[in-house]
Structures are given as C-alpha cells and as structure tokens.
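Subject: Structure handover

Hi,

Here is the structure I promised to pass on. Have a look at it first, and then read my notes underneath.

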Amino acid sequence: MSAAYIMTDDDRWDAVLRRDRALDGRFVTGVLTTGIYCRPSCAARHPKRENVRFFEDGAAARETGLRACKRCLPDEVARDEGAVLAAIAAIKESEEPLALADLADRTGYSPTHFQRVFTRHTGLSPAAYARALREERARQALSEGGRVTDAIYDAGFSGPSRFYENMEGRMGMTASAWVNGGKGVTIHWAVVPTSLGDMLVAATDKGVCRLSFAEGREALEGRFPAADLIEGGDEFSALLEQVVAAVEAPTQGFDHIPIDVKGTAFQEAVWRELRKIPAGETRSYADIAAAVGKPGAVRAAGSANGANNVAVLIPCHRVVRSDGTLGGYAYGLPIKEELLKRETIK
Ligand SMILES: [Zn+2]
C-alpha cells in the first residue's frame with residue numbers, strides 16, 4: 001500500500017466488517033438509526049450498510065447529533081494509545097518485570113481496564129508482552145555473538161534457568177548451537193528433482209530445518225555456516241522420501257514429518273497457525289493475524305509468512321490476499337499456484 005493511498009468509504013466499511021483495530025482513531029462510524037457513533041473495531045453487531053455514515057472523528061459525528069457508543073468508547077482511542085505507548089516505554093526501560101497494578105497506575109486506568117486496552121492494541125497481555133520482549137532481546141544478543149550467559153542477563157532474564165524455561169521446546173537447536181551458526185549440529189541435506197523443480201531438503205536430527213526450491217549447498221552454508229553439512233545419509237534418505245511424497249501428493253497430509261525451525265515468538269505462532277490450514281483451503285493474511293491474537297498485525301503476519309524456512313511443510317503457500325489473488329511467494333508464483341492446484345484436487 002503506497003503512502004498516497006486514500007481510504008474510500010468502501011475501504012472503511014471493509015475495516016468495520018473485519019473490526020480492524022489498526023484503524024481505530026482514523027475515522028468513526030455513525031449509525032443513523034441508533035444515533036450512535038463507534039470506532040471501526042466496535043464489537044457490537046454490525047449495522048446495515050445503508051444506515052452508516054463515516055466521519056473524520058467524534059467531533060464531526062457529534063455535530064450531526066450523534067452520541068458516542070458506550071461500548072467501544074470511540075473518543076478514548078487517543079487516550080488508550082497514549083496509555084499503551086507509555087506502558088510499552090516503561091516495560092522497555094524497566095530492569096525488573098513490572099506488576100500490572102504498577103503499569104495501570106501510571107496510565108490512570110484501573111488494572112482490569114488497562115489490561116483490556118493493552119491487549120486490544122498489542123494482541124498480548126502486558127506480562128506476555130514483557131516476556132516476548134525479553135526473548136526478542138536474548139535472540140538478538142545471541143545472533144550478534146558473545147557468551148550465551150551474557151546475552152541472557154543482558155536481555156533481562158534473572159538467570160540461565162529462567163531463560164531456558166522460556167526457550168525450551170521452542171527452538172530445535174540449543175541456544176549455544178544457534179549463536180555459533182549451527183556449531184556442533186549435523187545437518188544432512190540433498191537436492192532432489194521434483195515436478196516443481198529442484199528442491200533442497202535439509203534436516204537436523206530433530207527434523208527438517210530447510211525446504212526450498214532452486215537452492216543448493218551454498219545457500220545452506222549461508223544459513224548454517226558452522227554446521228556440519230553432510231550430503232545424503234541413510235536415515236536422512238528415509239525422511240527425504242517422505243518429504244518428496246508430501247510435496248508430490250500434499251492432500252495426503254504431512255503432520256508426521258518432524259520440523260526443526262526457530263524464529264521469534266510471533267513468527268513461531270504464525271508458523272503454527274499455517275500448519276493448521278487444511279490442504280485445499282486458504283486463509284488471508286488478516287485471518288492469520290487474527291488467529292495468533294494480533295488482528296492489527298496483518299503486515300507482520302505477512303513478513304512472518306515470508307520468513308518461513310520450510311516451504312510446503314509449513315504451508316505458507318495456503319495464505320492468499322483478502323481479494324483472492326495469490327499475493328507473493330518466495331519461490332515464484334507458478335510454484336504457489338501449482339501447489340494450491342494440486343491440493344484442491346482430491
Ligand atoms: Zn461501539
């Protein structure tokens with residue numbers, strides 16, 4: 001979407017229908033029959049389109065005699081945003097985790113109301129947001145090099161055991177293997193011809209860590225510069241066979257194939273959602289953002305989709321644009337189109 005993009009009333013109505021929180025504060029929705037105006041995301045039942053008029057803001061709506069909705073409090077948007085921004089700044093600056101009551105106190109809201117406002121804006125509770133921020137910082141420090149324990153303390157964890165509690169089960173590789181570009185990890189790999197072109201498959205002993213098209217050893221080395229790369233291997237060949245079968249006949253399902261990926265908490269949440277889309281069905285980027293509890297993060301969901309390391313098995317090709325067009329695909333639209341085509345033929 002370009003900067004010069006101008007919203008039409010149709011766009012506004014679409015935003016109302018999907019209750020798009022990202023547009024709260026950009027306009028209000030007046031309902032002539034009830035005499036009330038709302039924010040776009042109001043949870044109340046949708047009015048009939050013919051009874052709706054859009055206004056720049058609450059003041060413009062009030063001029064025509066409309067009253068603010070008591071449910072979505074459209075005039076509180078700016079105050080809510082200010083409160084959320086202030087809380088985020090406080091969380092970022094604080095060395096210690098902040099109590100909900102403490103955060104609410106700084107904003108002048110009651111703890112329950114503040115929790116609701118914060119969650120509506122960020123998709124996460126304040127506590128979950130603080131946790132995600134600490135994990136994010138740890139990942140960043142780890143990928144920049146340095147000792148693992150330093151990275152852990154720098155990120156605001158109280159110590160290594162708390163860090164591993166948060167990270168365990170989320171990353172296939174251990175933290176120290178990751179900081180070293182896969183040092184100490186053996187990755188078996190192969191390039192195999194398929195009906196979609198040459199496919200690179202690579203796996204650790206925990207599962208497939210890379211599946212891509214038109215890539216070879218060099219690309220794999222770029223991703224895992226310190227890993228022990230071994231072409232082929234007996235156990236790997238058995239896995240490879242399953243992967244090729246899954247790509248050639250995706251309707252048979254591939255939940256049984258193990259995957260070893262790592263990303264940010266948000267990326268991993270998106271990838272988990274992608275795995276839930278049945279073959280033969282598609283979702284929009286907005287659907288995925290909503291499914292991970294961050295309905296406003298449509299663009300971020302698109303980026304997480306694009307950052308997927310394991311094509312097909314994490315079926316990012318099943319995400320299309322809201323208007324039904326295909327959107328992008330890392331390996332070219334013809335492959336996406338072909339994958340979707342073979343999935344709809346049962
Ligand atoms: Zn409302």
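Below is what I found, going from the whole chain to helices, single residues and a pocket.

Before anything else: this is a predicted model. The protein has 346 residues, and 45% of them count as buried. There are 15 helices and ten strands. If you take the contacts between residues at least 6 apart in sequence, 59% of them join residues at least 24 apart.

**Helix H11 and helix H15**

I'd start with these two, since the buried residues of H11 pack against H15, along with strand S5 (186-194), strand S6 (197-203) and S7. H11 covers residues 234-248. With 15 residues at 1.5 Å each, H11 should span 21 Å, and its end C-alpha atoms are indeed 21 Å apart, so expectation and model agree. On its buried side you'll find Phe236, Leu239, Leu240, Val243, Ala246 and Val247. Looking down the axis of H11, these residues fall within an arc of 120°, so they line one face of the helix. The face turned away from that buried side carries Asp234 and Glu241, both exposed.

H15 takes in residues 333-344, twelve in total; at 1.5 Å a residue it should span 16 Å, and the 17 Å between its end C-alpha atoms agrees with that. Which residues of H15 are buried? They are Ile335, Lys336, Leu339, Leu340, Arg342 and Glu343. Their arc around the axis is only 165°, which puts them on the same side of H15. Pro334, Lys341 and Thr344 are exposed on the other side of H15. As for what covers the buried residues of H15, the list includes strand S7 (208-213), H11, helix H13 (285-291) and strand S10 (319-320).

**Helix H14 and Tyr285**

Helix H14 (residues 298-306) has Ala301, Ala304 and Asn305 as its buried residues. They take up an arc of only 105° around the axis, which places them on the same side of H14. Arg299 and Gly306 are exposed on the face turned away from the buried side of H14. The cover over the buried residues of H14 includes H12, H13 and S10.

Tyr285 is worth clicking on here. It is found in H13, and with a relative accessible area of 17% it is buried, because the cut-off for that is under 20%. Leaving out residues up to four places away in sequence, Tyr285 touches Val298, Ala301, Gly302, Asn305, Val319, Val320, Arg321, Gly328 and Lys336. Two of the names in that list, Ala301 and Asn305, are buried residues of H14, and Lys336 is a buried residue of H15. The C-alpha atoms of Tyr285 and Val298 are separated by 5.7 Å, with the two positions 13 residues apart along the chain counted as their separation.

**His121**

His121 sits in helix H5. Is it buried, exposed or partly exposed? At 32% relative accessibility, His121 counts as partly exposed. Apart from neighbours within four places in sequence, His121 is in contact with Asp80, Glu81 and Val84. Val84 is 37 residues away from His121 along the chain, yet their C-alpha atoms are separated by 7.5 Å.

**Two backbone oddments**

Leu73 is not a glycine but has a positive phi of about 45°. Its place is in the loop between strand S4 (67-68) and H3, and at 36% relative accessibility Leu73 counts as partly exposed. Ala214 also has a positive phi, near 55°. Ala214 lies in the loop between S7 and helix H10 (217-223), and with a relative accessible area of 73% it is exposed.

**The second largest pocket**

This pocket has a volume of about 780 Å³. How many residues line it? The lining has 33 residues, and Thr122, Leu124, Tyr129, Phe266 and Lys294 lie nearest the centre. Helix H3 (77-93), helix H5 (111-122), helix H6 (126-143) and helix H12 (265-275) are the elements that give two or more residues to the lining. H6 gives the most, with seven residues. By type, the lining divides into 15 nonpolar, six polar and twelve charged residues.

Over to you!

Key. Residues numbered from 1 in each chain as written. Predicted model: local features only at pLDDT ≥ 70, side-chain atom pairs only at ≥ 80, totals over all residues. Heavy atoms only, no water. Helix = DSSP H or I, 4+ residues; strand = E, 2+ residues; numbered from the N terminus. Expected span 1.5 Å × (residues − 1). Buried < 20%, exposed > 50% of the residue type's maximum accessible area, 1.4 Å probe, protein only. Arc of directions from axis to C-beta. Contact = heavy atoms within 4.5 Å. 1 Å grid on protein atoms, 1.4 Å probe; cavity = no way out; pocket = protein on both sides within 12 Å on 5 of 7 lines; lining within 4 Å. Points joined across faces, edges and corners; volume = space filled by probe spheres on them. Nonpolar A, V, L, I, M, F, W, Y, C, P; charged D, E, K, R; others polar.
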